[in-house]
Amino acid sequence: MSTRGRPKGGDSAQTKKKILDAARLEFATNGYDGASIMAIAANVGIAPSAVYHYFQSKEKLYTDVFEQTSNSIWESVTPSEDASTLLDAMRELLDDSRQLAEQLPSYSDFLASLPIEARLHPEFSELLEKRAVYQDRTFRRLASIGIASGELDFLTEDEATELIRSIVMGWFFERHFRQAEIPNSGESILAMFEHLLNSD
Amino acid sequence: MVDKRSSGRPTGKDSTEVRDAYIKAARIHFTENGYSNASMSTIAKDAGYTPTALRHHFPNKMELYSAVFAATANEVYPQIVRHLYSPSMAQAIEGSMANMHRISNNSPEYTYFLARVPSELRKFPELSDRVEVRENFTEFFYSSLIALGRKTGELENLTDELHIKFFRIAMQGWIYEGHYSQNVNLTTQTALVKLLQRL
């Protein structure tokens with residue numbers, strides 16, 4: 001006998017994931033205010049009421065997309081434990097970020113628009129704090145690699161962290177705004193760290 | 001004696017004052033709500049005039065945005081550019097970033113408006129020829145900054161192109177990230193000046 005009706009079991013997790021994917025793209029493209037639950041539902045092939053079954057409100061849906069997207073992005077761009085120089089760690093980070101932007105453009109676009117959404121909608125200001133936690137974890141780790149290797153040993157940990165934050169986010173936002181990197185900007189960052197590595 | 005001039009509507013500069021009131025109200029609406037959500041009638045109301053009067057000065061939202069950009073850039077850019085006449089690149093970085101920081105404390109809507117421009121351009125490419133001066137300014141500022149460092153001998157080893165790209169990314173990143181995370185501080189400035197001493 002053929003199976004009919006709603007398949008059971010793992011299906012619900014899969015539907016949830018499909019909704020998150022469709023919602024990420026919708027939020028990234030049209031912003032929070034412009035995003036339509038109808039469009040998200042239509043993309044997944046379910047009724048709009050089913051979206052509310054999984055996520056109680058548009059606000060909850062946005063928050064969950066944020067959590068899921070941040071987790072996977074920051075997980076993949078955080079330098080591996082065996083990176084011994086900031087140059088290597090930065091090269092890894094830039095390459096991972098480029099790959100993500102190419103394969104999963106809605107992830108980068110969603111995260112780039114988050115701070116602006118948080119300012120428009122004070123109910124999301126908590127997400128800005130969470131964003132800072134994700135950032136700090138990665139940038140502090142890069143800073144301590146750079147200080148230990150000697151590349152940034154002339155800076156305090158806070159100074160190194162803020163410098164790296166400005167560089168990485170500057171590179172990231174310029175790419176996002178233009179939908180392409182400023183030519184050779186990634187290479188310039190790496191050449192600078194290479195110089196610092198070899199000049200000691 | 002009664003001064004006749006004080007009664008009734010003053011003539012002459014009146015129209016400029018009205019225009020300034022619109023620009024001031026619009027700057028706040030564009031930064032707080034974004035270009036797409038900003039409404040001409042709310043802006044007119046906040047400025048204390050009717051939407052019809054607003055449209056007399058600015059026929060559409062694009063004209064208004066372009067006027068706000070020009071007024072804001074005219075206020076902010078000269079305060080940044082004057083640091084290019086510093087005796088050293090280190091002082092130029094220190095001074096321009098400190099100045100930007102000061103403006104962002106005293107008139108946050110000015111620097112936040114400018115920091116939002118590139119994200120609006122991404123969404124509304126039709127605005128790009130209205131703010132073309134921005135890209136020219138950015139290129140002029142960073143290439144002059146590096147030329148200064150080359151002249152003073154602060155920059156020796158790496159190429160000009162590499163320096164221009166690197167300092168541009170780091171300083172623009174400081175502006176974007178500081179405004180977006182609502183935490184503009186001067187730690188990056190200290191770090192960049194120390195880094196410059198290593199070049």
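Student: At which residue does helix H4(B) bend?
Tutor: This is a predicted model: local features need pLDDT of at least 70, side-chain atom pairs count only at pLDDT 80 or more, and totals for chains, interfaces and linings use all residues. Residues are numbered from 1 along each chain as its sequence is written, with chains lettered from A and ligands numbered from 1 in the order in which they are written. Helices are DSSP runs of H or I of at least four residues, numbered from the N terminus, and a bend is the angle between axes fitted to the seven residues ending at a residue and the seven starting there. For H4(B) this angle is about 30°, at Ala73(B).

Student: How far does H4(B) reach from its first C-alpha to its last?
Tutor: H4(B) covers residues 61–81, which is 21 residues. The expected span is 1.5 Å times one less than the number of residues, here 30 Å. The model comes close to that, at 29 Å.

Student: Which helices are included in what covers the buried residues of H4(B)?
Tutor: A residue is buried if 20 or more other C-beta atoms, placed from the backbone, lie within 10 Å of its own. In H4(B) that applies to Leu64(B), Tyr65(B), Val68(B), Phe69(B), Thr72(B) and Val76(B). Their cover includes three helices of chain B: H1 (14–37), H5 (89–106) and H6 (108–123).

Student: Which helix supplies the largest share of the side of chain A that touches chain B?
Tutor: Contact requires C-beta atoms, placed from the backbone, within 7 Å, and 32 residues of chain A meet 29 of chain B in this way. H6 (105–120), H7 (125–149), H8 and H9 (185–198) of chain A each supply at least two residues. The largest share, 14 residues, is from H8(A).

Student: Why are H8(A) and H8(B) described as roughly perpendicular?
Tutor: Residues 157–178 of chain A and 160–180 of chain B form these helices, whose axes lie 7 Å apart. Angles are taken from 0 to 180 degrees between N-to-C directions, with axes fitted to C-alpha atoms over the stretch in contact. Because 65 to 115 degrees counts as roughly perpendicular, the label follows from their angle of about 85°.

Student: How many residues of this helix contact are nonpolar?
Tutor: Those taking part include Trp171(A) and Phe173(A) of H8(A), and Trp174(B) and Tyr176(B) of H8(B). Nonpolar covers Ala, Val, Leu, Ile, Met, Phe, Trp, Tyr, Cys and Pro, charged covers Asp, Glu, Lys and Arg, and the others, Gly among them, are polar. With 4 polar and 3 charged, the nonpolar count is 8.

Note on methods
Contact = placed C-beta atoms within 7 Å. Buried ≥ 20, exposed ≤ 12 C-beta atoms within 10 Å, placed from the backbone.
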